[in-house]
Amino acid sequence: MKDAIDIKALKENFNRDGFIVLRDYLSSLEVSELRDHAIPLVERLIQSRQNTDHSTNLLKSLHRHDNWLQSQLDNGRHVPLVQQLAEMELRGCSVAWFDRSDGEITGVPPHFDVLRGQGSINAGVTVWVALDLVNKNNGCLHYLRGSHKEIYPDQIFVEGVEIDAEDVSQVEVKPGDVIIHNALTLHWSGGNTSGMPRRAVSYFYRNF
Ligand SMILES: O=C(O)CCC(=O)C(=O)O
């Protein structure tokens with residue numbers, strides 16, 4: 001049997017660093033189920049917009065096209081944990097597809113998932129689920145530890161971040177590992193020059 005989750009320790013880490021990594025959170029069956037819903041849907045959506053110049057590396061609102069993804073967003077096994085970590089009422093707002101396709105050099109630049117300023121939706125949590133083995137060669141996520149507690153300009157993307165700083169964590173994961181981050185934790189991903197896929201699904205929660 002899997003060890004019970006130590007919510008107190010998770011909360012301490014989440015509050016200190018702005019993110020936590022849950023190793024082996026999903027079983028291989030659960031990962032297959034997620035893959036089986038997300039991958040064909042993404043292929044369909046990409047095909048239906050093939051004559052447009054939209055990026056195919058990021059697709060938002062997958063839940064609008066798939067009831068199972070909608071039910072995961074609303075009532076997935078992770079939802080009570082997300083509420084406990086956030087200590088506030090949150091609602092699911094989007095399921096997104098993040099693909100760092102092979103040969104992509106840049107990745108996603110340092111950003112927050114919400115704005116901090118007055119009148120904005122300034123609190124939330126993101127649940128990032130790896131579908132592939134993810135490491136520094138194929139675009140793993142990076143977090144600036146503790147940045148959710150710092151003051152930054154009220155904007156999504158942040159320039160001039162020292163990406164090799166000591167308080168940056170590169171988070172290498174395998175399928176079934178789940179990362180949960182505070183929407184105000186500065187994070188980014190690398191490019192993918194590995195020849196290997198790097199696909200992930202994110203569930204976004206907001207306090208509105
Ligand atoms: O998967 C990525 O490369 C970036 C993901 C991200 O920024 C997010 O889920 O908030």
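**Talking through the fold**

Biologist: Let's start with the open sheet of 3 strands: what is its order?
Modeller: Keep in mind that this is a predicted model. The pairing in this open sheet is antiparallel. Its 3 strands come in the order 6-5-8.

Biologist: Which strands are the edge strands there?
Modeller: Look for strands that pair on one side only. That picks out strand 6 (168-171) and strand 8 (187-189).

Biologist: And what does the twist average from one strand to the next?
Modeller: Stay with that sheet, in the order 6-5-8. Going from one strand to the next, the twist averages 25 degrees.

Biologist: How many bridges join strand 5 to strand 6?
Modeller: Strands of a sheet pair through backbone hydrogen bonds, either parallel or antiparallel. Strand 5 covers residues 141-144 and runs antiparallel to strand 6. The bridges joining them number 4.

Biologist: Which residue in strand 6 is the bridge partner of L141?
Modeller: Strand 5 takes in residues 141-144, so L141 sits in that strand. Across in strand 6, its bridge partner is V171.

Biologist: Zooming out, in what order do the elements of the protein chain run from the N terminus?
Modeller: There are 4 helices and 9 strands to place. Starting at the N terminus, they run α-β-α-β-α-α-β-β-β-β-β-β-β.

Biologist: What is the radius of gyration of the protein chain?
Modeller: For 208 residues the globule rule gives 17 Å, and the chain comes close to that, so it is as compact as a globular protein of that length. The C-alpha atoms fill a box of roughly 45 × 40 × 35 Å along the principal axes. The radius of gyration is 16 Å.

Technical notes:
Residues numbered from 1 in each chain as written. Predicted model: local features only at pLDDT ≥ 70, side-chain atom pairs only at ≥ 80, totals over all residues. Helix = DSSP H or I, 4+ residues; strand = E, 2+ residues; numbered from the N terminus. Rg over C-alpha atoms; globule rule 2.2 N^0.38 Å. Pairing = 2+ DSSP bridges. Axes fitted to C-alpha atoms, helices over the stretch in contact; angles between N-to-C directions.
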